[in-house]
Amino acid sequence: VNLRLMIFLCGLFFLFAPQISTRAQSYTTTIFPSDQGWYRQINGAGGTHDSTNNNFLVGTFINGASNEKYRDFFVFNLSGLSTNRTVTSASLTIQNPFNYGAPGTYTTWDVSTPISTLTAGGTGLSGIFSDLGSGTSYASVTLASSATNPVVTNFNTSGLTAINSNRGGSIAFGGSYVEGALSQAVFGYN
């Protein structure tokens with residue numbers, strides 16, 4: 001099954017194949033996120049998310065002594081995915097109406113934080129902020145230009161394994177975008 005996770009005007013696309021079949025069959029499905037947002041860290045401290053803000057800005061803004069980093073997340077309900085079929089390819093497609101700075105790499109990560117905790121938000125949540133940009137990489141894409149739109153990432157074997165393991169439930173993905181000495185960001189104003 002080909003799975004496409006859609007973010008607003010884009011998403012997660014899955015290609016499914018039957019686990020047992022006498023003839024080749026496949027189909028594609030699209031799933032939109034049930035929740036999304038960002039966590040912000042200022043000067044390396046804290047982790048803040050407002051659960052009413054569904055923007056998924058990701059990147060770094062440097063202004064004098066202030067260094068703000070943003071990491072995003074997406075939650076997908078996979079309850080509609082048949083457990084009798086295997087996801088054989090998946091891609092995450094994200095609209096990019098706002099970008100700032102030089103080209104860079106957007107990476108999609110596993111999330112170990114429970115989804116209810118992730119989406120609830122709050123302040124002082126540096127562990128969640130860290131979780132959204134570390135762990136197992138599920139996909140990455142280098143943007144030749146920060147103006148790339150839409151941004152499409154194809155899931156690797158680890159990502160496909162996670163998606164297949166969560167069929168019938170929900171899954172969250174974290175995202176980071178080049179965190180260096182320059183101001184760089186994508187996916188703002190969504």
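What follows is a conversation between a visitor and a guide about how the terms used for this predicted model are justified.

Visitor: Let's start with the whole chain. What is the protein chain built from, and how much of it is buried?

Guide: The protein chain has three helices and 15 strands. Of its 190 residues, 46% count as buried. The chain exposes about 8200 Å², and carbon and sulfur atoms supply 49% of that area. Among contacts between residues at least 6 apart in sequence, 76% join residues at least 24 apart.

Visitor: Why is S176 called buried?

Guide: Its relative accessibility is 10%, and buried means under 20%, so S176 meets the criterion. This serine sits in strand β14. Leaving aside neighbours within four places in sequence, S176 is in contact with V58, R71, T105, Y106, T107, W109, L132 and G133.

Visitor: What makes the link between S176 and W109 a polar contact?

Guide: The side chains of S176 and W109 make this contact at 2.9 Å, and the cut-off for a pair of N or O atoms is 3.5 Å. The distance therefore falls within the limit.

Visitor: Why is N43 called partly exposed rather than buried or exposed?

Guide: N43 has 47% relative accessibility. Buried requires under 20% and exposed requires over 50%, so N43 belongs to the class in between.

Visitor: What makes the backbone of N43 worth a look?

Guide: N43 has a positive phi of about 50° although it is not a glycine. Most residues other than glycine have a negative phi. N43 lies in the loop between β4 (35-42) and β5 (45-48), a hairpin with two residues between the strands.

Visitor: How do you know that β4 and β5 pair?

Guide: Pairing takes at least two bridges, and β4 and β5 have two, in the antiparallel sense. The count therefore meets the requirement. Within this pairing, R40 stands opposite T48 in β5. On β4 there is also an antiparallel partner in β7, joined by eight bridges, and the bridge partner of Y39 in β7 is R71.

Visitor: Why is the aromatic pair of Y39 and F73 called tilted?

Guide: The structure holds seven aromatic pairs. In the pair of Y39 and F73, the centres are 6.1 Å apart and the planes are at 55°. Pairing allows centres within 6.5 Å, stacked means under 30 degrees and edge-to-face means over 60, so this pair is tilted. It links strand β4 to strand β7, with the two residues 34 apart in the chain. Both Y39 and F73 are buried.

Visitor: What makes the pair of F61 and Y70 edge-to-face?

Guide: Their ring centres are 6.0 Å apart and their planes are at 85°. That angle is over 60 degrees, so edge-to-face is the right term. F61 is partly exposed at 24% relative accessible area, whereas Y70 counts as buried at 7%.

Visitor: Which residues touch the most other members of the largest nonpolar core?

Guide: They are F76, Y106, F155, I163 and F187, out of 25 residues in that core. The elements giving two or more residues to this core are β7 (66-77), β9 (89-94), β12 (137-143), α3 (157-165) and β14 (170-177). Apart from this core lies another of nine residues, among them Y39, F73, V111 and I128.

Visitor: Which residues form the aromatic cluster with F76 and F155?

Guide: Y138 and F173 join F76 and F155 in one aromatic cluster.

Note on methods:
Residues numbered from 1 in each chain as written. Predicted model: local features only at pLDDT ≥ 70, side-chain atom pairs only at ≥ 80, totals over all residues. Heavy atoms only, no water. Core = buried A, V, L, I, M, F, W, Y, C linked by side-chain atoms within 4.5 Å. Buried < 20%, exposed > 50% of the residue type's maximum accessible area, 1.4 Å probe, protein only. Helix = DSSP H or I, 4+ residues; strand = E, 2+ residues; numbered from the N terminus. Polar contact = N/O pair within 3.5 Å; in protein donor to acceptor, adjacent residues only side chain to side chain. Contact = heavy atoms within 4.5 Å. Areas by Shrake-Rupley, 256 points an atom, 1.4 Å probe, with all protein chains shown as cover.
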